[in-house]
Amino acid sequence: MLHFVLSRRGRGSIGRLCKYIGKTSRQHIRIHAYEDLRHRGYLPRGCFAFGSLEGRSSEQRAQIAALAARIRASGPSVRVLNDPARVMTRYELLRMLHERGINEFDVYRLDEARSPKRYPVFLRRENDHQGNITPLLQSEEEFQLAVAAQGHRRSDTLAVEFVDTSEPDGVYRKYSAMIVGGAVFPAHLFSSRQWMVKLAEYDVPDYDIEMKFIETNPHREQLESVARIAGIEWGRIDYGIRDGRVQIFEINTNPMILTAVGLSMLERRPTLDKMFAPIWAAMVELAKAAPSGRRIPIADLPGYRPPGWRRTWNRLFTR
């Protein structure tokens, strides 16, 4: 069995996938919430993939890392995907990619001594997936004004150097690839006339380009290398291409594989089916290879709360 451990709010990503697969998904996938695991004394054995790691506090990551270590110690054939002790944060990943010469652009936390070396830049939150919170800032003066005006904690906000990945036709294309057990599979290609590509603009006729991307998986080796360095074995890499070079924007550990918009468009169904088949096959392989048998005790781990503790707390302190 393949067990996904996510935040309660983040369970919809795998939930939509299971709905698309249908009843067959129940044979291979279970979804757990971090918040609920604190009240369970045991876990079933299997392959565990930890997601929703963005935004976890250092204390929470330490608790999840202790849980991952316990699961891994339960047997030699047990697999843990996305061990929080190894997974890089977005800032760590982007800094590493720039220092190694993979990404042209650098990234800065607002609470560090460094400041942007080149412009334009934009501000974004480190731990969400909403994209930019400012337009492109063209100068040091615009940057300082935006920093003073933004309402988020500086430690949670990044300044990211803009890299222009538009192509000669003026279209920005964001490539996405799924990481499943460390292997990389093409997921989708979103095209837009806007520099921050969140969803595809479907008046941009890119179905043929997307199909070729899915059929050829042209960047597999480089993306698998980056995933290994980042410690991520389940997730989605979003990236663009500049002058033939991969420019990686982020790796999401709780990716939405299937979007409601994509599922509703008949034009995308051929690419969707071709994309999803190998991804699902790799997930099934992970589930089948996972061991079963005796349960894994977790009641002694940090953060555990016995069942009913909330009711007891409320009864004692709300009289």
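In this predicted model, strand 9 (172–180) provides three residues to the lining of the largest cavity, the largest share of that lining. The cavity has a volume of about 330 Å³ and belongs to a set of three cavities of 30 Å³ or more found in a search of the whole structure. Its lining comprises 20 residues, and Phe122, Arg124, Trp195, Met196 and Phe249 lie nearest the centre. Besides strand 9, at least two lining residues each are supplied by strand 7, strand 8 and strand 12.

Two of these contributors, strand 7 and strand 8, also belong to an open sheet of three strands, in which the order is 6-8-7 and the pairing is antiparallel. Strand 6 (107–109) and strand 7 (121–125) each have a single partner strand, so that both stand at the edges and one side of each is left without a neighbour in the sheet. On average, and with direction ignored, neighbouring strands of this sheet are turned by 25° against each other. The antiparallel pairing of strand 6 with strand 8 (residues 157–161) extends over three bridges. Within this part of the sheet, valine 107 is placed opposite valine 160 of strand 8. Helix 4 (residues 90–99) packs on the sheet and touches strand 6, strand 7 and strand 8, its direction making about 140° with that of strand 6.

Helix 4 itself is mostly covered, with seven of its 10 residues buried. The buried set consists of Arg90, Tyr91, Leu93, Leu94, Arg95, Met96 and Leu97. These residues pack against the three strands of the sheet, namely strand 6, strand 7 and strand 8, and also against helix 7 (220–230) and strand 12. After the helix comes glycine 101, which has a positive phi near 80°.

The two arginines among the buried residues of helix 4 both take part in salt bridges, of which the model contains 19. Arginine 90 is bridged to glutamate 250, with the closest N and O atoms 2.4 Å apart. This pair links distant parts of the chain, since glutamate 250 lies in strand 12 (residues 245–252) and arginine 90 in helix 4, 160 residues apart. Both partners fall under the 20% limit for burial: glutamate 250 is buried, with a relative accessible area of 6%, and arginine 90 is buried as well, with a value of 10%.

The second arginine, arginine 95, forms a salt bridge with aspartate 106 in which the closest N and O atoms are 2.9 Å apart. Here too distant parts of the chain are linked: arginine 95 is in helix 4, whereas aspartate 106 is in the loop between helix 4 and strand 6, 11 residues away. Arginine 95 counts as buried at 16% relative accessibility, and aspartate 106 is buried with a relative accessible area of 2%.

A further salt bridge joins aspartate 238 to arginine 236, the closest N and O atoms being 2.9 Å apart. Its partners are likewise buried, aspartate 238 with a relative accessible area of 3% and arginine 236 at 10% relative accessibility. Elsewhere, salt bridges with shared partners join Arg95, Glu99, Asp106, Glu112 and Arg114 into one network. The pair of arginine 95 and aspartate 106 described above is thus placed in that network, because both residues are among its members.

A second open sheet contains four strands in the order 2-1-4-5, and its pairing is parallel. Strand 2 (29–33) and strand 5 (80–81) form its edges, each pairing on one side only. Strand 5 pairs with strand 4 (residues 47–50) in the parallel sense over two bridges. In this pairing, alanine 49 has leucine 81 of strand 5 as its bridge partner. Two helices lie across strands of this sheet. Helix 1 (residues 12–21) lies across strand 1 (2–6) and strand 2, and it runs at about 155° to strand 2. Helix 3 (residues 58–72) lies across strand 4 and strand 5, running at about 165° to strand 4.

Definitions and conventions. Residues are numbered from 1 along each chain as its sequence is written. This is a predicted model: local features need pLDDT of at least 70, side-chain atom pairs count only at pLDDT 80 or more; totals for chains, interfaces and linings use all residues. Side-chain values use heavy atoms; hydrogens and water are left out. Two strands pair if DSSP finds at least two bridges between them. Axes are lines fitted to C-alpha atoms, for helices over the stretch in contact, and angles run from 0 to 180 degrees between N-to-C directions. Contact means heavy atoms within 4.5 Å. A salt bridge is a side-chain nitrogen of Lys or Arg within 4 Å of a carboxyl oxygen of Asp or Glu. Buried means under 20% relative accessible area, exposed over 50%, partly exposed in between (1.4 Å probe, protein chains only). On a 1 Å grid over the protein atoms alone, a cavity is a set of points where a 1.4 Å probe fits but cannot get out, and a pocket is an open set with protein on both sides within 12 Å along at least five of seven lines; lining residues have an atom within 4 Å of a point. Grid points are joined across faces, edges and corners, and a volume is the space filled by probe spheres set on the points.
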